[in-house]
Every structure is written in C-alpha cells, then in structure tokens.
Amino acid sequence: MSDIEIGRAKRARRVYAFDDIAVVPSRRTRDPQDVSISWTIDAYTFDIPVLAAPMDSVVSPATAIAIGQLGGLGVLDLEGVWTRYENPESVLAEIRGLDAATATKRMQELYSEPIKPELITARIAEIRASGVPVAGALSPQRTQEHYKTVLDAGVDLFVIRGTTVSAEHVSKSVEPLNLKKFIYELDVPVIVGGAATYTAALHLMRTGAAGVLVGFGGGAASTTRASLGIHAPMATAVADVAGARRDYMDESGGRYVHVIADGGLGTSGDIVKAIAVGADAVMLGSTLARATDAPGAGWHWGAEAHHSELPRGNRVEVGSLAPLREVLFGPSSNADGRVNLMGALRRSMATTGYSDLKEFQRVEVVVAPYSAR
C-alpha cells in the first residue's frame, strides 16, 4: 500500500472506513434461510455473531439475559451503575434527563460512587440464574482489584476492555497488569481490547487471549478523535488485525484467536463489511441502544463520557426504534439498515453466495466511497 506525503517530514498510509468499501456478489447466490451466522469462541457457540457492548445504556442484567436468549452475548459493565448502586434505575433516569450543558459534570459525580463487590456478585448471579452464558467487563485499571470477585461469582467469559489495551503498558508509578501471566492463570476465556493495529493485536494474541476487540475511538458516543487526535478507520483496522490472526496461527501452530469488531457499526451494512474484512463477530453499542427495551431509553453513553480527568465521549440521543428482538431479527419498517440487523447479514451473505461466516470472510471487497447512507 503506497504512502501519501503529508509534508516533507511526514508520510501516511491510506486507510479505509466501512463507508469506503463494499462487498461484491460472486457467481453463486443462496436462500437466506440456508445461511449460518453462528460462531464459536472457546467452548461457547452462539446463534448470532453479536456481543452487546459493556455500556450502561446498552446492557443491564435484564438485557444481558434477553440478548443471551436471542442467541447473542450481553457483556455487563462491572464498573457501571449496576455495580455502584443497589437500585440504579433512578440514576439512569437522571442521566437520561440531564441538560447537555451539565451532563458530563453530573455523570462524573454519579460515577464517583464506589464499586461494590457484593453487587458484582449479585448481578452476575442474576444473569447466571437465567441459564445464558455470563460475560462481564472490567477496564485494565480495575482488573487487578475486582477479577477475583468476578471469577468467584461464576463468569463464563471475561472481557478486559478499554479505549486501547496494550500487552506492554509501561508505568513509572504503578505495577501494570501482566496480561500474559493474568490470562494464563485464569480458567475462563478472556477477550481483550481495543486494538487497532497489526502489531498491537499480535502482541495481545500472544498473551493467550481468546478474542481481540478491534476499535479505537470510533463509536457513536466517542470524542477520542477530537480530544486525543487518535482515530482508526475500522475497515483497515479489522483487516490488519485479521492479518495478525493469520500470522499468529502460523506462529503458534494453529491457535485461532477471534477478531471482534468494536466501533463504527451503525448499520447492518457496517456489520456485513466488518465480517467481510475479517471479523468473526461484532460488539454493538449504539446499534442496540436504539432498542426500546435498552437501559438508555433512547440515550447512549460509554465510560469515556464520565472519565474523572479527561472525558472523551458524550451522552448522545440515538432514539428508540423497536424492541431488541426486532432490532436484531425484524421485521423492519424502515430501509436504513438500523432494524433487522441479522436478517440483513443473512441476506447479504446469501446474495453474495456464502453459507457461513468463515466463508464470507473471503468475499470480494472493493473500494467504493459513499457519502450518504
């Protein structure tokens, strides 16, 4: 890939967002009902390649259960309101009703309430009692403090999620989390990220992670590009990390690490293209926050929105479109790719002639910038 000259002292690589690319039909087509969109990670098989993002506007214990019953995986934020407050509904209602001018400051105050280990245990137990797989997420900074509570409560998949997660964090003041040692000592599969480059992902794969989250500051509620100047267009990021997966398989003698796109997935078409460039599954935030039964009730925010020192996100209004089941499986009464996400994925795979997700990763992709959805 040729570089572009920014100036005499700096060159840059041309990269692509999902809006810059499109998939191309092949010589074969299929019936949508004959297409499989299931995926497997470690010992767990899911009917749909969807993880609900660990964000308070997206996943509560109730929605984690609902998503699990629909064939996906709901990941609970173990640093969110559900583990800080015994009865968080009033807190969620307050966040939804905040004035835009004061929202960030008030959210910082609300999220300064300490995390309570007994609530971590209670929330995980609530999800586990329903019979669906249980997944919870901690930031790298909180993992050492709370992971034993999480494991003792019976989590099935452990997610370590941050804006970016490095296998080689360097600090002069605190002992960094040794990911390789940490993952090796756990008895549950670990999904870790975000990562947005080949090298960063390869190092995370070498820690023993079962999956790597791909994304950096690309979500609907994120302002990372504006505040830190950092951004990773997702089509290139996912393809680069898929390349790291391929090379790591050769290096490790066949160990497969799952690539999970996390960010920039606003429509069903974005989900289609994420898998086309190499993702095994997608982690959805704002896309599921639009469900009428989502905890945000039409509002969406992530942990970056209430960072105590440097907020890198906003509380945004995404609206409420349809119940969660319809957002995932339809039927849809609009044509903008925001409802019946899985139906659209099936139809795209069928139209281009592929029968399962692994096959679909081989679909032809073209660069075709498109300015309007």
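Colleague: How many bridges join strand S8 (residues 135-138) to strand S9 (residues 157-161)?
Modeller: These two strands run parallel, a strand being a DSSP run of E of at least two residues and a helix a run of H or I of at least four, both numbered from the N terminus. Two strands pair if DSSP finds at least two bridges between them, and here Ala-137 has Val-159 of S9 as its bridge partner. The number of bridges that join S8 to S9 is four.

Colleague: From what pLDDT do side-chain atom pairs count in this model?
Modeller: Residues are numbered from 1 along each chain as its sequence is written, and side-chain values use heavy atoms, with hydrogens and water left out. The model is predicted, and while totals for chains, interfaces and linings use all residues and local features need pLDDT of at least 70, side-chain atom pairs count only at pLDDT 80 or more.

Colleague: In what order do the eight strands close into a barrel?
Modeller: The pairing in this barrel is parallel, and neighbouring strands of the sheet are turned against each other by 25° on average, direction ignored. For such angles, axes are lines fitted to C-alpha atoms (for helices over the stretch in contact), and angles run from 0 to 180 degrees between N-to-C directions. The order of the strands is S6-S7-S8-S9-S10-S11-S12-S13.

Colleague: Which residue in S11 is the bridge partner of Val-192?
Modeller: Strand S10 (residues 190-195) runs parallel to S11, to which four bridges join it. Both faces of strand S11 (residues 211-214) are covered, with Gly-211 and Leu-213 buried on one side and Val-212 and Val-214 buried on the other; buried means under 20% relative accessible area, exposed means over 50%, and partly exposed lies in between (1.4 Å probe, protein chains only). The bridge partner of Val-192 in S11 is Val-212.

Colleague: Why is strand S12 (residues 258-262) described as largely enclosed by the rest of the structure?
Modeller: In a regular strand the side chains alternate between the two faces of the sheet. In S12, His-258, Ile-260 and Asp-262 point one way, Val-259 and Ala-261 point the other way, and all are buried. S12 is largely enclosed because the buried residues in this strand number five of the five.

Colleague: Which residue in S13 is the bridge partner of Ala-261?
Modeller: S12 takes part in two parallel pairings, with S11 over four bridges and with strand S13 (residues 281-284) over three. On the S11 side, Leu-213 has Ile-260 of S12 as its bridge partner. On the S13 side, the partner of Ala-261 is Val-282.

Colleague: What is the angle between the ring planes of Tyr-147 and Phe-182?
Modeller: A search of the whole structure finds four aromatic pairs, where rings of Phe, Tyr and Trp (its six-membered ring) pair if their centres lie within 6.5 Å, and planes under 30 degrees apart count as stacked, over 60 as edge-to-face and the rest as tilted. Tyr-147 and Phe-182 form an edge-to-face pair with 4.8 Å centre to centre, linking helix H5 (residues 140-153) to helix H6 (residues 179-185) across 35 residues of chain. Tyr-147 counts as buried at 16% relative accessibility, as does Phe-182 at 6%, and ring pairs link both of them with Phe-158 into a cluster. The angle between the planes of Tyr-147 and Phe-182 is 80°.

Colleague: How far apart are the closest N and O atoms of Arg-338 and Asp-336?
Modeller: Among the 16 salt bridges found in the whole structure, each a side-chain nitrogen of Lys or Arg within 4 Å of a carboxyl oxygen of Asp or Glu, Lys-116 meets Glu-113 at 2.8 Å, N to O. Arg-338 and Asp-336 form another salt bridge, with Arg-338 partly exposed at a relative accessible area of 25% and Asp-336 partly exposed at 34%. Their closest N and O atoms are apart by 2.7 Å.

Colleague: Which residue in S2 is the bridge partner of Ile-4?
Modeller: Strand S1 (residues 3-7) and strand S2 (residues 10-13) pair in the antiparallel sense over four bridges, forming a hairpin with two residues between them. The side chains of Glu-5 and Arg-11 also meet in a salt bridge, at 3.6 Å from N to O. In S2, the bridge partner of Ile-4 is Ala-12.
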